[in-house]
Amino acid sequence: MINEELELQKFEQKIANGEKIEPKDWMPEKYRKQLIRMIAQHAHSEIVGMLPEGNWITRAPSLRRKMVLLAKVQDEGGHGLYLYSAAETLGADRKDLIEALLNGKMKYSNIFNYPTLSWADIGIIGWLVDGAAIVNQTMLAKCSYGPYSRAMIRICKEENFHKRQGYENVSVLAQGNAKQKQMVQDALNRWWWQTLMMFGPHDENSTNTVDLMRWKIKLETNDSLRQRFINLTIPQAYAIGLTIPDNDLKYNEKTQNWEIGKINFDELYNVINGNGPCNRIRIAERKKSYEEGNWVRIAAENYALKNKNNYGTK
Ligand code: 3HC
């Protein structure tokens with residue numbers, strides 16, 4: 001019979017010492033559950049995030065843009081599979097996680113519930129959405145759970161390429177003709193606030209942050225990461241002549257922070273609850289691809305079963 005109190009003390013001491021918790025280590029059930037929730041929803045976001053961008057692969061304006069977009073979308077698929085494997089180290093079953101997504105019991109990022117209306121959206125997603133993901137994921141790369149933090153190190157390297165290609169795409173349009181300038185400004189206007197919502201509700205309304213920070217899964221709060229992203233991104237927009245769609249925006253010389261207007265969190269909750277512009281189409285597409293891929297899963301399982309002796313697994 002293990003002494004839970006003692007184990008919890010040892011666990012919290014490890015975290016206080018900045019040590020990583022590994023799959024075989026003792027951990028509080030709440031720590032395990034929080035990690036499965038966060039990692040699985042992160043994985044769902046990566047896979048669903050392939051859909052809005054994938055929509056433009058056949059319509060990319062040049063072979064180069066097509067190849068870059070293809071590489072990015074493939075990366076996102078790899079990130080999703082990587083993160084499902086990280087969730088499995090906690091005893092989660094991938095099939096259960098995907099079914100929870102498909103039946104609405106698990107979430108994915110709000111940002112993937114908006115339509116990609118023009119080619120400029122693809123540049124804006126790379127620059128803003130992947131830029132926001134990098135701010136969040138560089139924090140997660142230092143989190144206390146070994147497999148998640150290590151997954152983030154590799155994923156962040158690829159996200160940096162995603163952000164650069166997006167910003168280069170947007171810069172070319174912003175220096176282009178009047179129509180291109182208008183197209184990219186229109187895309188920024190449609191994605192700016194929704195990207196800020198990616199960081200979650202304000203800290204005081206964040207139901208998970210206290211737990212997550214206690215055990216160093218999250219090392220910074222939603223608002224602090226959001227502020228970092230805003231401070232990083234606004235100068236980048238100005239550098240290419242774009243306008244941030246926020247009439248209340250002002251720079252505070254004292255704090256050196258850009259102060260923004262009010263975020264409409266009703267929209268975030270509305271989208272999280274399945275009522276965004278594209279929620280239904282995204283889940284329907286995800287369901288269709290999951291069903292169409294069933295034969296691959298069966299073939300792989302049968303192959304593994306048939307050859308299990310060759311793998312030395314009894
Ligand atoms: N989209 C969807 N749901 C969100 C959300 C968002 N932007 N922000 C918050 N929520 C949900 C939370 O999941 C939570 O619901 P739950 O308890 O049922 O899971 C609820 O709203 C309250 O929010 P909290 O602040 O309490 O939740 P967290 O502390 O978990 O913070 C988070 C939310 C910042 C998204 C955090 O979960 C996180 O950092 N997750 C890991 C990173 C991630 O998932 N990123 C998604 C984008 S991936 C991406 O962009 C891919 C790139 O390659 C393009």
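This passage describes the surroundings of the ligand and the salt bridges of the protein. The model is a predicted one.

The ligand was located in the largest pocket. Several helices build the shell around it. Two or more residues each come from α2 (29-48), α6 (119-140), α7 (146-174), α9 (209-214) and α11 (265-275). Helix α2 makes the greatest contribution, giving six residues to the shell. In total, 33 residues surround the ligand. Glu-76, Lys-107, Glu-159, Ser-206 and Lys-218 are the closest of these. The shell is mixed in character. Nonpolar residues number 14, polar residues 12 and charged residues seven.

Polar atoms of the protein approach the ligand at several points. Two of these involve side chains and ligand oxygen atoms. A polar side-chain atom of Glu-159 lies 2.7 Å from one ligand oxygen atom. For Ser-206, an N or O atom of the side chain is likewise 2.7 Å from an oxygen atom of the ligand. Met-198 uses its backbone instead. There, a backbone N or O atom is found 3.2 Å from a nitrogen atom of the ligand. The ligand is also well covered by its host. Alone, the ligand would expose 1000 Å², and the protein buries 89% of that area.

Charged pairs were then examined across the protein. The search of the whole structure returned 20 salt bridges. One salt bridge joins Glu-168 to Arg-64. The closest N and O atoms of this pair are 3.6 Å apart. Distant parts of the chain are linked in this way, as the two residues are 104 residues apart. Glu-168 belongs to helix α7, while Arg-64 belongs to helix α4 (residues 63-88). Helix α7 therefore appears in two settings. Helix α7 contributes to the shell around the ligand, and through Glu-168 it takes part in the salt bridge with helix α4.

Technical notes:
Residues numbered from 1 in each chain as written. Predicted model: local features only at pLDDT ≥ 70, side-chain atom pairs only at ≥ 80, totals over all residues. Heavy atoms only, no water. Near = heavy atom within 4 Å. Polar contact = N/O pair within 3.5 Å; in protein donor to acceptor, adjacent residues only side chain to side chain. Areas by Shrake-Rupley, 256 points an atom, 1.4 Å probe, with all protein chains shown as cover. 1 Å grid on protein atoms, 1.4 Å probe; cavity = no way out; pocket = protein on both sides within 12 Å on 5 of 7 lines; lining within 4 Å. Sits in = over half its atoms within 2 Å of the grid points. Helix = DSSP H or I, 4+ residues; strand = E, 2+ residues; numbered from the N terminus. Nonpolar A, V, L, I, M, F, W, Y, C, P; charged D, E, K, R; others polar. Salt bridge = Lys/Arg side-chain N within 4 Å of Asp/Glu carboxyl O.
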